[in-house]
Every structure is written in C-alpha cells, then in structure tokens.
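Colleague: I would love a close look at one part of this protein, with enough of the surroundings to see how that part fits in. Could you pick one helix and walk me through it?

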Amino acid sequence: NSGGVGLFTDKKDIRYGSSQTSYEYGPTPLRHKVGATRGTYFQLFAKSSQENMANRHLSRSIAMQSLYEWDFRGAKSLDLDYYISQNVNEFGPGLEDDSFIRALVGGVMKNLAKIDQIIAKAAPEWPIDQIAMVDRNVLRLGIFELLFGDYKEVPPKVAINEAIELAKSFGGESSGKFVNGVLGTIYREIGEPLKNDDIKQVNNG
C-alpha cells in the first residue's frame with residue numbers, strides 16, 4: 001500500500017452526486033484499474049512504439065488521479081504537490097520528467113474558477129458538485145488543454161480525444177459520451193483559431 005487515500009479493493013461503497021448515477025469504490029481510480037499494482041499500468045504504455053505519446057497519456061492519467069484525490073479530500077490546495085509526487089512514484093516509475101503532469105495540474109488550479117464556470121455553462125443541467133468526481137476532473141483537464149493550453153502543441157481534437165479516453169477508462173459507463181458532449185459543446189462555441197481544427201472524428205467516436 002502506498003499510503004494513499006485508499007484502494008478501490010477496500011470495497012467501501014462511496015456514492016456521490018453523479019452525471020452517470022454511478023458508484024465509485026474509493027478515491028483512487030488508477031489503483032482500481034490496475035488492480036492496485038505498480039508496474040502493470042506503466043507496462044501498458046512501455047510496449048508502445050510511440051513512447052512520447054504514451055508518456056503524455058500516462059501523465060494525463062496521473063494528473064487526473066492527483067486532482068481526483070485532491071477533490072475527494074476536500075479540495076485543499078496544499079495537498080496537491082503531495083498527491084502528485086505520490087502518484088508519480090506509484091504509477092509512473094519509468095517517467096523521467098513529471099513537468100507535464102505538474103503543468104497540467106498547476107494550469108487547472110490556476111484557472112479553476114473559470115473552468116468550472118465553463119462547465120456550468122456547457123452542462124447547465126448538471127451542477128458542478130453533482131457531476132461524478134472522475135468526470136468533473138477529466139473535464140477540468142480537457143478544458144484546460146482545450147482553452148488555456150498551447151493548441152499548436154496539443155490540437156483540440158487531441159485534447160478532446162485524450163479526455164474521452166480518460167473518461168472511458170476511469171469513469172462510469174456513460175462517462176465518455178458525457179465528456180464528449182460537454183467538450184464538443186465548448187469547442188463549437190470557442191471560435192477561431194481552434195475551429196480550423198476538425199473534430200469530426202471525435203463526434204463520430
């Protein structure tokens with residue numbers, strides 16, 4: 001045990017307001033998906049010939065995990081650095097550089113109020129505190145990359161696709177569709193230069 005917030009394998013049934021009316025078992029979706037082992041998750045990516053893309057995806061997963069734990073523990077900003085360090089050690093032992101993780105988490109926190117307002121506008125039927133915790137933090141990451149990141153480095157369709165994959169992997173049954181719908185709505189509203197980037201593939205996915 002890493003000393004984190006807890007394992008899904010504890011089977012402590014925790015229900016919260018959810019866009020998918022789903023259940024989560026504990027505050028650690030990465031540990032749930034990898035069976036609480038340290039090496040398995042990284043091995044999924046280490047075999048890929050596109051190592052940089054794999055490391056980016058792993059980094060996004062760790063950023064989401066860290067935001068999730070922060071959110072679950074009552075959204076105390078002082079704990080975030082601890083969660084990031086713990087999760088990098090546990091889930092990314094092969095990562096040589098965690099700067100992308102810290103940039104994502106730091107960017108979300110810096111723009112959190114604006115990001116949550118954007119979510120509220122794009123999904124008015126779901127108050128922010130009633131969106132499933134995984135979905136909420138996946139959306140925060142996706143919106144940060146979509147609206148506040150470098151769109152030349154991470155094109156909109158990449159930001160959206162990555163968020164959808166995180167939602168499908170760690171959220172509920174309908175999380176991917178929910179995240180796709182919210183980010184698609186935001187994308188259609190943001191105008192140039194991002195509208196030059198085609199997301200038909202995302203909408204068809």
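Modeller: Happy to. A word on terms to begin with: helices and strands here are DSSP runs, at least four residues for a helix (H or I) and at least two for a strand (E), numbered from the N terminus. Read that way, the protein chain runs β-β-α-α-α-α-α-α-α-α-α-α along its sequence, which comes to ten helices and two strands. Please keep in mind that this is a predicted model. The mean pLDDT of the protein chain is 75, with 66% of its residues at 70 or more. Two stretches call for caution. Over residues 1–26 the pLDDT stays under 50, and the model has 67 contacts beyond four places in sequence for them. Residues 34–49 are also below 50 in pLDDT, with 22 contacts beyond near neighbours in sequence.

The part I would choose is helix α7, residues 133–148. Let us start with its length. Its 16 residues, at 1.5 Å a residue, should span 22 Å, and the end C-alpha atoms lie 21 Å apart, so the expected and modelled values agree. Next comes its setting. Of those 16 residues, 14 are buried, so α7 is largely enclosed by the rest of the structure. For the protein chain as a whole, 49% of the 205 residues count as buried.

What does α7 give to the interior? The largest nonpolar core has 44 residues, and V138, L141, V179 and L183 are the ones with the most contacts inside it. Two or more residues of this core come from each of α3, α4 (80–91), α5 (99–110), α6 (112–122), α7, α8 and α9 (175–189). Among these elements α7 gives the most, with eight residues. V138 is a good place to look in the viewer: leaving out residues up to four places away in sequence, V138 touches M64, A163, L166, A167 and V179. Such links across the sequence fit a wider pattern, in that 68% of the protein chain's contacts with a separation of 6 or more are between residues 24 or more positions apart.

Now for the polar side chains of α7. N137 is found in this helix, and its relative accessibility is 0%, so N137 counts as buried. Beyond its neighbours within four places in sequence, N137 is in contact with L67, Y68 and D71.

D71 also brings us to a charged pair. R136 and D71 meet through their side chains in a salt bridge, 3.0 Å from N to O. This pair links distant parts of the chain, with R136 in helix α7 and D71 in helix α3, 65 residues apart. Both R136 and D71 are buried.

For comparison, here are two salt bridges from elsewhere in the model, out of a count of eight. R60 forms one with E162, where the closest N and O atoms are 3.5 Å apart. R60 belongs to helix α3 (residues 51–72) and E162 to helix α8 (residues 156–170), 102 residues apart, so this pair too links distant parts of the chain. R60 is buried, because its relative accessibility is 5% and the cut-off is under 20%. E162 is buried as well, at a relative accessible area of 17%. The other example is R102 with D98, whose side chains meet at 3.0 Å, N to O. Here R102 counts as partly exposed, at 29% relative accessibility, and D98 counts as partly exposed at 24%. Returning to R136 and D71, salt bridges that share partners join D71, D116, R136 and R140 into one network.

Last, have a look at the aromatic residues of α7. The model has two aromatic pairs by count, and one of them is F144 with F148, a stacked pair at 6.4 Å centre to centre with 10 degrees between the planes. Both residues lie in helix α7, four residues apart, about one turn of the helix. An α-helix has 3.6 residues a turn, so residues three or four places apart point the same way. F144 counts as buried, at 12% relative accessibility, whereas F148, at 31%, counts as partly exposed.

Terms used:
Residues numbered from 1 in each chain as written. Predicted model: local features only at pLDDT ≥ 70, side-chain atom pairs only at ≥ 80, totals over all residues. Heavy atoms only, no water. pLDDT = per-residue confidence, 0-100. Contact = heavy atoms within 4.5 Å. Expected span 1.5 Å × (residues − 1). Buried < 20%, exposed > 50% of the residue type's maximum accessible area, 1.4 Å probe, protein only. Salt bridge = Lys/Arg side-chain N within 4 Å of Asp/Glu carboxyl O. Core = buried A, V, L, I, M, F, W, Y, C linked by side-chain atoms within 4.5 Å. Phe/Tyr/Trp six-rings, centres within 6.5 Å; stacked < 30°, edge-to-face > 60°.
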